[in-house]
Every structure is written in C-alpha cells, then in structure tokens.
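Here's a quick tour of a few spots worth pulling up in your viewer. Have the sequence and the model open side by side.

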Amino acid sequence: MDYGALTAARLRSGQWLHWGIRFFLAAALTASETVDGYAPFALGCIAAAGPGAGGAAALGGGVMGALLFLPFQQALAFAAVGILTVTAATAFRDTDFFKRPWVMPVLAAGMVLAVGGIYACQALDPVSSIGPCAAAGLLTGVSAYFFARLFQGEEDRLSPEGLLFLGAALTLALGDLTVLNVSVGRTLLCALLACTAYGQGPMTGVTAGLGLGLVTDLTVGTGGLFTAAYGMAGLLAARCRRRCTAAMAFFLGALAAMLTSREALAMTLLLETIAGALLFLAIPRRIFGGKRVRQEAAPAEAEAAQGKTLRTRLDRAAEAMRALYDSMNRAAPPQEENPAVIFDRAAEKVCRSCALCQLCWQKEYTSTFNALNDATPFLLERGKAKAKDFPSHFADRCIHLSELLQAINGELAAFLLRKQYRRQLEETRRSAKGQYAQMSDLLSAAAVSAAGAAPALDTMARCAIGAALRPKEGELICGDTMEAFRTDGGTWCMILADGMGSGDAARRESALTCRLLRQFLEADIQPEAALTTLNSAMALRGAETGSFTTVDLCVLRGGEAAFYKFGAAPSYLKKGGSVRRISGSSLPVGLRGSPAAPDLTTVTLEPGSFAVMVSDGVADPNRDDWLQNLLAGWGGDDPQTLANLILSESIRREKLQDDCAVQVLYRLPEEVQTV
C-alpha cells in the first residue's frame with residue numbers, strides 16, 4: 001500500500017473541506033446585514049480566512065452571498081472590500097508584522113471605512129451615512145478577531161468566544177425570517193444567550209448580553225432596546241441556580257428593560273424572549289453537565305478572585321454607561337425651527353421672478369413682513385394657508401397670490417414634518433438616556449453585591465412571617481399583592497403592592513410590580529436601584545394604561561430594617577408595648593418621572609420585635625389610633641395571629657371599603673430556632 005499517496009489524498013480532502021467551510025460560511029453570513037446594507041460578519045470571515053486558497057474560498061462565497069442577499073450597489077462595495085482585504089493579506093503574508101493577531105482585524109476595518117466612506121460621501125445625506133459605516137467597520141474588525149480563533153490550529157478551533165460570536169452571527173442571518181411576526185433568528189439568539197449566561201455565570205452573561213444586544217441594535221437599527229434587554233436578561237439569568245428560575249429571570253430582565261422603551265419592536269422583543277426562554281428549557285439537561293455543583297465546589301479563593309474580577313468589569317461597564325448618559329446630558333437639545341423659513345423659501349420660489357419683487361421686499365419690506373407675521377398663527381393652527389389669512393392690502397397687491405399660497409402650503413407641510421421628526425427624535429433621545437442611566441445604576445448595584453461574601457448562618461436574623469388578605473366588598477379578587485422571602489444572601493424581604501382600584505385589573509398591576517421587584521432583589525440588586533428602575537418602567541407603563549401602584553418594601557439585614565415607600569400606607573414597629581409609626585410622602589410608582597427615589601426609613605429591629613405592613617384599605621392614615629392601640633396592647637408572639645386580628649378589626653371598623661392586606665414580620669428571640 002502506498003501510504004504516501006494515501007496521506008496526500010487525505011490532506012487534499014481536508015483542504016477541500018476547510019475551503020468549503022469558509023466558502024459556505026461567508027456566503028451564509030452575508031444575510032446578516034446592518035443599517036445601510038453592510039455585511040460586516042461576512043467581511044470579518046473573509047479577513048479571518050487569511051491569504052491563499054482559504055481567503056479566496058471565503059471571498060468567493062461572500063461575493064456569491066452578496067449577489068443573493070444584498071442590493072447590487074452594496075454587493076459591489078462588498079466585493080471591493082473583500083478583494084482589497086484578500087489582496088493586502090496576500091501581499092504581506094510573509095512579513096512578521098502580518099502575523100500579529102490585531103493586524104487583519106484592523107486591516108479589514110480600515111478597508112470597510114475606506115470603501116464605505118466613498119459611498120457615504122456620495123450619499124444625499126453624508127452625515128447620517130457616516131455612523132452606519134463606522135459601526136460596520138468596527139463589527140468587521142471584531143468579527144475578524146473572533147473568527148480567526150476558529151480558523152487557527154486544532155487546539156483553538158473550539159474557542160467558546162468564537163463559537164458564541166459565530167452562533168450569534170448565523171442566527172442574526174435569520175432575523176428576517178418570521179413566524180407569527182416573531183423573528184426566528186432573534187429567538188434562537190435569546191436561547192443561545194440564556195444557555196451562555198446559565199452555563200458560564202454572571203460575568204460572561206452580562207458581557208455576552210451587552211455585546212449581542214449592541215450587535216442586534218446595529219443590525220435592526222434600534223436605539224439601545226436590545227442592548228438593555230439582553231444585558232439585563234443575561235445578568236439575571238446567570239444569577240439563578242435552577243434552569244426554570246433562570247428562564248423566568250431571563251424573561252423578566254428583558255421585560256424590565258422593554259417597559260422603559262418606546263421602540264416599535266418592544267412587544268416583538270417580549271414574544272421573542274418568551275420563545276427563547278421556552279427553547280432554553282427544552283434543551284436536554286445533560287448538556288449543562290452539573291456545572292452548578294462544580295461551581296459550588298470551587299475553592300473559596302477562586303470564588304473570591306472571580307467575584308473581584310466580576311465587580312471590576314461591572315464597575316467599568318457601569319462607568320461607561322454613566323459616561324454615555326453624561327455625554328447625552330451635555331448635548332444641547334435641538335432648537336425649534338423659526339416659522340419664518342416657510343415664507344423665505346416660498347418667496348424664493350415665487351417672488352424672485354415677480355415684477356413687484358423690489359416693491360414688496362425692499363420699498364414695502366416692513367408692510368410685507370408684518371402681513372406674513374400676522375398670518376403665521378392662522379396657518380400654523382389650521383395647517384394650511386388661505387388668502388383670508390393675509391391683510392387685504394397685501395392680498396390685493398400680490399399678482400401671484402395663488403402661486404404664493406401653493407408654495408407656502410408646500411413649505412408649511414415640510415416644516416410641520418420636520419417639527420414632528422425633531423419631537424420624535426428628542427423623545428427617543430430621552431428614552432435612550434434614561435435606559436443608559438438605569439443600566440448604569442443596576443450594573444453598579446450588581447458590582448457591589450458580586451464581591452460580597454454570603455453571611456454566616458448564625459449571623460442571619462431568624463424571623464417568622466404572617467399575612468392576611470381580603471378583597472373589597474363585592475369583589476372576588478383582591479387588588480393587593482404581597483411577597484415575603486429570604487434571599488440567598490440572608491436578607492429578609494417583605495413586599496406589599498396596592499394596585500389602583502380593585503378587582504382583576506388592580507391585581508395584575510400589583511402582581512407584576514411584586515414579581516419584578518422580587519426578581520431584582522433575589523438577584524442581589526440593591527433595593528434603591530431596583531425601586532428606581534421599577535419606577536421608571538411603571539411610569540412609562542402608566543402613561544399607556546393610566547394606572548399606578550403603591551409599593552411598600554421592608555428589607556431586614558441582620559438587625560437593621562429599612563422601609564422603602566412609594567405612596568404606601570404607614571408601617572408600624574412594635575416592641576413590647578411601644579409602637580412606632582413609619583410613613584412616607586412620595587407618590588406611587590407610575591405617577592413620578594425618572595429619576596425618582598423612594599422614601600427611606602432605617603430602624604433597628606431587635607429580637608422579639610414586630611414589623612407590620614398594611615395597605616390603605618386596612619386603616620385610614622389620618623385615623624389609625626385604633627391600630628396603634630391594638631398593637632400596643634397585644635401580648636402574643638405569633639405573627640399570623642396578629643395579622644388575622646388586625647384584619648378582623650379592620651373589617652369591623654372600615655367595612656371592607658377597599659382591598660385589605662396585612663403582613664407581619666416577627667424577629668424571633670435569639671434562643672429560639674426556626675424550623
């Protein structure tokens with residue numbers, strides 16, 4: 001047997017396989033377009049394939065894909081960038097400088113900027129075309145860097161970062177394929193992000209979420225919607241230990257970011273997130289290989305180092321978001337256009353060639369100016385100019401009045417369109433600015449909790465919870481919602497939300513508020529940041545639904561209790577026969593703009609003390625003496641009995657005129673052990 005010939009045949013077969021992979025991969029990636037028809041992922045693949053036959057195969061596949069998926073003009077630009085990149089790589093392939101890992105990404109990005117810049121300068125609006133060109137150049141360089149790690153030697157072929165980037169690029173190629181108005185590509189991307197966050201932890205989850213969200217925003221053309229949603233979803237999903245909890249956290253994280261956005265794709269994003277979370281749950285369990293057990297078994301020193309690294313990266317991401325927010329604050333808002341431009345442009349079209357031009361615009365300039373100025377309020381209010389809007393001395397003198405009115409109406413329509421566009425642009429700018437600020441606060445809060453060690457079991461406050469709920473008279477469903485739980489870090493939390501009105505509509509609003517707030521707190525987000533973000537989201541939701549919700553939160557760490565209130569009824573602190581009333585003056589969430597912080601009262605909850613939270617249906621805040629007397633005179637130690645007693649007395653006095661909710665936290669004496 002001729003082993004030499006056999007080996008040569010196998011080598012040729014392997015080369016053909018590698019060339020085929022590069023060919024079809026570059027062809028498929030051309031379907032992933034960004035704004036203005038750029039295909040940066042395919043160009044990055046061509047650059048990563050390098051010189052020689054591999055680069056030629058990738059170039060051929062990319063050109064074929066460009067002819068199939070891109071308009072002809074963009075396909076020509078794509079082919080020009082690809083040919084220049086492969087040519088430059090071939091010319092410098094033998095130099096030491098070319099072997100540096102950053103050379104090809106920078107070269108590919110430069111080619112995109114060079115060729116794309118020529119097309120941008122020839123566009124009707126060069127300024128607006130520069131941004132997409134620069135973004136495409138950056139994505140091309142990043143793609144070339146990650147794809148190069150996949151095309152290297154065998155030991156680096158399965159680079160996790162490269163595979164993640166490749167998977168994201170391929171799924172984005174399916175972005176235009178929809179089923180029931182839901183993008184198949186972005187649904188697969190949500191499932192991929194959920195798997196990555198759950199399998200790799202918070203640091204990778206938030207980094208991958210922000211990166212994939214930014215790429216999706218550049219591809220779709222939105223203003224930060226996917227960046228905020230994927231970043232928050234990846235962070236929350238990575239904090240969970242169970243897959244079902246991670247899927248719910250992934251959805252709620254995207255929902256929280258989506259509620260702060262007015263983008264048209266917000267509802268579509270919600271459906272895609274739900275589908276992606278369900279697809280994530282359908283993945284076989286063995287794929288994750290017990291990674292949670294292995295993480296928990298890691299040495300304490302490694303966990304501390306990871307926590308410090310995570311905190312550093314989250315702090316840097318928060319600083320970047322805050323810097324972006326500050327830069328948007330420094331930018332001056334767009335100035336309103338003077339309506340005089342309507343008459344200037346109309347006169348340029350009609351009056352310049354008129355025989356009376358010198359009389360109207362030089363000798364009688366003041367009279368003409370006053371006539372046009374007097375007509376301005378009428379045509380702006382009506383949206384159309386008529387002859388009766390102008391004084392008779394002007395209308396009778398004008399020999400081209402009908403042509404002038406037609407020109408004024410045309411310029412008026414353009415003026416109103418420009419005004420509407422500027423208002424929509426400013427509204428989008430404010431929304432994006434708020435998203436960046438909230439994302440910065442949440443990342444900072446997550447960084448604080450990331451490096452904190454969990455308290456020892458014997459330092460946690462031992463507590464018991466009691467609760468009682470009753471709907472308004474004549475209603476079957478209570479509009480109040482309560483939650484009580486202890487986080488993994490040993491913090492006790494009690495939430496009481498009171499939706500506007502009563503019945504099912506109020507219950508939906510209060511339940512949504514409780515679910516979102518609990519998810520934030522269980523992810524170790526600080527209460528101030530969680531409530532501020534929740535208020536911003538519910539304020540936008542309230543602008544559409546007209547509803548609002550009061551929020552009452554009690555957080556107990558060790559022996560210190562913090563009461564946070566957004567429009568909530570007073571709470572009460574009981575120690576023996578002494579009762580303290582805790583109230584606030586802030587408005588409910590949904591009625592305050594962003595940013596807005598809740599009222600905060602911090603107290604010491606000693607062993608044997610009670611913290612009591614009630615909704616406003618239990619007792620009128622202006623006449624709650626009976627409730628304070630009841631608390632002062634009660635001598636039991638069962639929180640559930642106390643909650644039932646308060647509700648019974650409230651029904652007798654207030655006659656269930658509103659929904660009623662009572663929640664009691666009892667800090668057990670130190671010698672008592674919880675079950």
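## The five-stranded sheet

In this predicted model, 5 strands form an open sheet in the order β3-β12-β11-β8-β9, with antiparallel pairing. The edges are β3 (463–470) and β9 (578–582), each of which pairs on one side only. Neighbouring strands are turned by 15° against each other on average, ignoring direction.

Zoom in on β11 (residues 610–614) and you'll find it paired with β12 over 5 bridges, in the antiparallel sense. Phe-610 sits opposite Tyr-666 in β12.

## Helices on the sheet

Two helices to look at here. Helix α22 (residues 625–633) packs on the sheet and touches β8 (571–575), β9 and β11; its direction makes about 25° with that of β8. Helix α23 (residues 639–654) packs on the sheet too, touching β3, β11 and β12, and its direction makes about 25° with that of β3.

## Gln-663 in β12

Where does Gln-663 sit? Its place is in strand β12 (residues 660–667). Gln-663 counts as buried because its relative accessible area is 2%, under the 20% cut-off.

A polar atom of the Gln-663 side chain lies 3.2 Å from the backbone oxygen of Ile-495. Leaving out residues up to four places away in sequence, Gln-663 touches a list of residues including Ile-465, Met-482, Glu-483, Leu-496 and Met-613.

## Helix α4

Helix α4 (residues 72–91) has 20 residues, so at 1.5 Å a residue it should span 28 Å; its end C-alpha atoms are 28 Å apart, which agrees.

Buried residues of α4 include Ala-75, Phe-78, Val-81, Gly-82, Thr-85 and Ala-89. The buried residues of α4 pack against α2 (40–49), α3 (52–69) and α5 (103–121).

Conventions. Residues are numbered from 1 along each chain as its sequence is written. This is a predicted model: local features need pLDDT of at least 70, side-chain atom pairs count only at pLDDT 80 or more; totals for chains, interfaces and linings use all residues. Side-chain values use heavy atoms; hydrogens and water are left out. Helices (H or I, at least four residues) and strands (E, at least two) are DSSP runs, numbered from the N terminus. The expected span of a helix is 1.5 Å times one less than its number of residues. Buried means under 20% relative accessible area, exposed over 50%, partly exposed in between (1.4 Å probe, protein chains only). Contact means heavy atoms within 4.5 Å. A polar contact is a pair of N or O atoms within 3.5 Å; within protein, one must be able to donate a hydrogen and the other to accept it, and residues adjacent in sequence count only if both atoms are side-chain atoms. Two strands pair if DSSP finds at least two bridges between them. Axes are lines fitted to C-alpha atoms, for helices over the stretch in contact, and angles run from 0 to 180 degrees between N-to-C directions.
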